Amino acid sequence: MNTEKSSEKSTYPTKPLTRFITDDDNCWQLQEYQDLGGYDGLKHALTLSRAAVLDEIKASNLRGRGGAGFPTGLKWSFVPQGDDAPHPKYLIVNADEMEPGAFKDRLLLEKTPHQIIEGLLIGGYTLDADIGYIFIRGDYYSAIQHIEIALQECYDNKLLGKDILGSGFNFEIHIHTSAGRYICGEETALINALEGKRAIPRAKPPFPQVAGLWGKPTIVNNVETFCNLPHILNFGADWFKSLGRFKDAGTKIFGVSGRVKNPGLWELPMGTPIGEIIEHYAGGMSDGYKLKGYLPGGGSTDFLLAKHFDTPMDYDEIGKQRSRMGTGTIIVLDDKYCPVAMVLNLVKFFAQESCGWCTPCRDGLPWAAVLLEKIEQGKGELADIKQLEDLCKFAAPGNTFCALAPGAVEPLQSALNYFRDDFEQHITQKSCPYCVQSCEQSHLEEDHDK
Amino acid sequence: MTLANEIPTNETVELSDVEKAQIDSLLLKTPYTSGASIDALKIIQNHRGWVSDGSLLALALYLNLPLADLDSVATFYNLIFRQPVGKVVLHPCDGISCDLMGGQKIRQCLNKQLKITNGQTTDDNQFTLIPLPCLGACDKAPVMIANETLFELIQAENLPLILNNLIKEKST
C-alpha cells in the first residue's frame with residue numbers, strides 16, 4: 001500500500017484517503033490519527049454554518065464511491081432541513097462490502113476507523129442528523145473490533161455524544177454487524193435489515209432522504225465516500241477537484257485481483273487510465289499468463305478488453321465504453337481460465353444472493369446459471385445463447401426493483417459479446433476447451449454436492 | 001397463544017440470564033423492538049451454536065414479536081444457522097477472485113478430506129463446511145474464514161495443518 005505521511009496542513013496531500021495509514025500497527029487509533037491532523041476537518045466544519053459545509057461538499061464534485069457515482073452533495077440536498085424537519089435524522093455508513101472482487105473498504109475500515117467516524121460526524125453536522133450507523137459486514141472481524149474501540153475512544157474524548165467539542169452539536173453512532181447477504185448493500189434493503197426485517201429493497205419513492213429508517217430522513221453512503229469528507233473540509237473543494245487526472249474529482253482506492261504479478265490496492269487519482277493500474281501498479285500479468293479481459297469495477301460490471309486500456313477510471317468515461325466504474329476493483333481474466341466458468345461463478349453468486357422479491361432476478365438468474373452450467377459441461381445448444389441474451393434483456397434496468405439483477409447480467413451480456421467464440425466452441429466441441437479433463441472432474445464433484 | 005403452533009416443537013427452551021441481559025441492552029438502542037431481532041438471533045447463536053425451533057420460540061416470546069417474522073429473518077441471512085453446526089465452521093471463499101487463483105480446488109480438497117459436501121457437518125461434529133461469497137481479501141486469494149480468523153493464500157497441502165490447529169484452538 002502506498003502511503004503518504006504529512007502531518008502539516010500546509011502540505012496538501014495527494015493521497016488523502018491513505019495519508020493516515022503508516023507502518024505503525026496502531027495507526028488506526030485516536031492518538032495516532034490526531035497526531036497526523038485527524039479531526040481537523042470536523043473542527044473546521046463546526047466553525048461553519050451547515051449550509052456552508054454542504055456548499056463545500058457540492059462544490060467538490062464528490063461522487064458516491066459505492067458504485068453508482070451519484071453526486072454526494074446533490075443526494076444530501078434532498079434531506080429536509082430547518083425547524084420543521086422530522087427528527088431523528090439518520091446517517092448510515094454502508095460498510096457491507098460483498099461485491100465479488102471488491103476489497104477496498106476493508107482497508108479503510110481496518111486501518112482508518114477514525115477517518116470514517118470523522119466523515120460521519122461532518123455529515124451528521126451538515127444534515128443536522130441525530131444518529132449514525134456503521135453497517136458493517138459480519139465477517140470483517142478485525143475491522144469490527146477496531147471500529148468498536150474507535151467509537152469508545154470518541155465517546156471518551158467528547159468527539160461523540162452530547163455537545164461535541166463544545167459546539168453544541170449532539171450525535172450518536174451505533175455499529176450494526178450484518179448477518180450476511182449481498183443485497184444488504186442496496187440502500188433500502190440495508191434500511192430494512194437495520195429495522196430487523198428481511199433485506200428486501202423498497203419501492204421508491206419515497207426516497208430514503210425523505211422517509212428511510214423508521215420512516216425518518218436517512219442518508220446511506222459508502223465507506224470511501226465518507227472518508228473523503230474530512231479532507232474536503234480540511235483542504236477545500238478546489239484542492240479536491242485538482243486531484244483528478246480527468247473530469248472526476250479526488251482520488252480513489254483502486255484494486256486488482258486475478259493472475260497479475262502484484263495484486264493489491266492503491267490510492268490513485270480519479271481518471272488514472274485502466275492500463276496504468278493493471279500494467280504499472282499490478283505489475284502486469286503473471287508469468288505464463290496473458291490477459292483475456294477484465295471487469296473494471298467488481299463482479300457486477302461489464303467486461304472490457306486490453307484495447308480499452310487508455311480509458312480513464314472516470315465514471316462517465318467507463319460508461320462510454322459500456323461498462324461501469326463500480327467499486328474500482330478490477331478483476332483480471334487470464335487466458336487459461338474459462339470465460340464461461342467465470343460468468344457461471346458470478347451468475348451463481350447473484351442467483352444465490354437475490355432476495356427473491358422480483359421475477360427477473362429470482363427466476364431469471366437461476367435459469368441463466370442452469371444454461372451456463374449446461375454450456376460449460378459441453379451439453380449446451382446454440383439456442384441457449386439466444387436464451388441467455390433474452391434473460392439479460394429481462395433483467396435490464398427498469399424491469400427490476402433494484403440494481404442487483406441488472407448488475408448481475410453485466411458480465412454475462414458483455415462476455416456473450418466479447419467471448420462469443422468461446423461459448424460457441426463449448427457447444428460445437430461438446431466440452432470445455434480450457435480444461436477438458438479437470439473441468440469434467442470438478443463438475444462431477446459439484447454435482448455430487450447437490 | 002398460538003405462537004407455538006406456527007413451528008411445532010417439543011423442545012422447551014429458557015433463555016439464560018446472560019442472554020436476556022444482552023438482549024435487554026440491545027432494546028435500549030432501538031426505537032422499535034424489531035430493530036433488535038437480528039442481533040438478538042446472533043446472541044442466541046453465540047450461546048447455543050445455532051438457532052433451534054425451541055430457542056426461536058423462546059426469543060419470540062421474550063421479544064413479543066411474531067414467531068413467523070422472526071423465522072423469516074432467521075432464514076434470510078447467511079450467518080444465522082437454523083441447523084446444528086460442528087465445533088468449527090469453515091467458510092472457504094467461493095468468489096470469482098478466489099476461483100481465478102484456484103479456490104475451487106481448495107474447496108474440493110476440503111470436501112475430500114472431511115468427506116462432506118457443502119452445507120454438511122462431519123460425523124464427529126468437528127467441522128461444518130459453508131462456503132461464503134467473496135470475503136474481501138481478493139489480493140490474497142484463495143482465502144477462508146474459520147474461528148473468526150482469515151486464512152490467506154491457502155495452499156491445498158497446508159489444509160490438514162490448518163484444520164488440526166482450528167480444532168486444537170476450539171478444544172483449549
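Q: Which elements do the buried residues of α8(A) pack against?
A: Quick note on this predicted model: local features need pLDDT of at least 70, side-chain atom pairs count only at pLDDT 80 or more, and totals for chains, interfaces and linings use all residues. Residues are numbered from 1 along each chain as its sequence is written, while chains are lettered from A and ligands numbered from 1 in the order in which they are written. Helices (H or I, at least four residues) and strands (E, at least two) are DSSP runs, numbered from the N terminus. With contact meaning C-beta atoms, placed from the backbone, within 7 Å, the partners are β1 (90-95), β2 (131-136), β3 (172-177) and β4 (218-222) of chain A, together with α3 (37-48) of chain B.

Q: Why is helix α8 of chain A largely enclosed by the rest of the structure?
A: Buried means 20 or more other C-beta atoms within 10 Å of a residue's own (exposed is 12 or fewer, partly exposed in between), with C-beta atoms placed from the backbone. The residues that make the cut include Glu187(A), Leu190(A) and Leu194(A). The helix, residues 187-194, is largely enclosed because the buried ones number seven of the eight.

Q: Which helix of chain B gives the most to the side that touches chain A?
A: The contact takes 44 residues from chain A and 37 from chain B. On the chain B side, α3, α5 (67-74), α6 (96-100) and α7 (103-114) each supply at least two residues. The top contributor, with four residues, is α6(B).

Terms used: Two residues are in contact if their C-beta atoms, placed from the backbone, lie within 7 Å.
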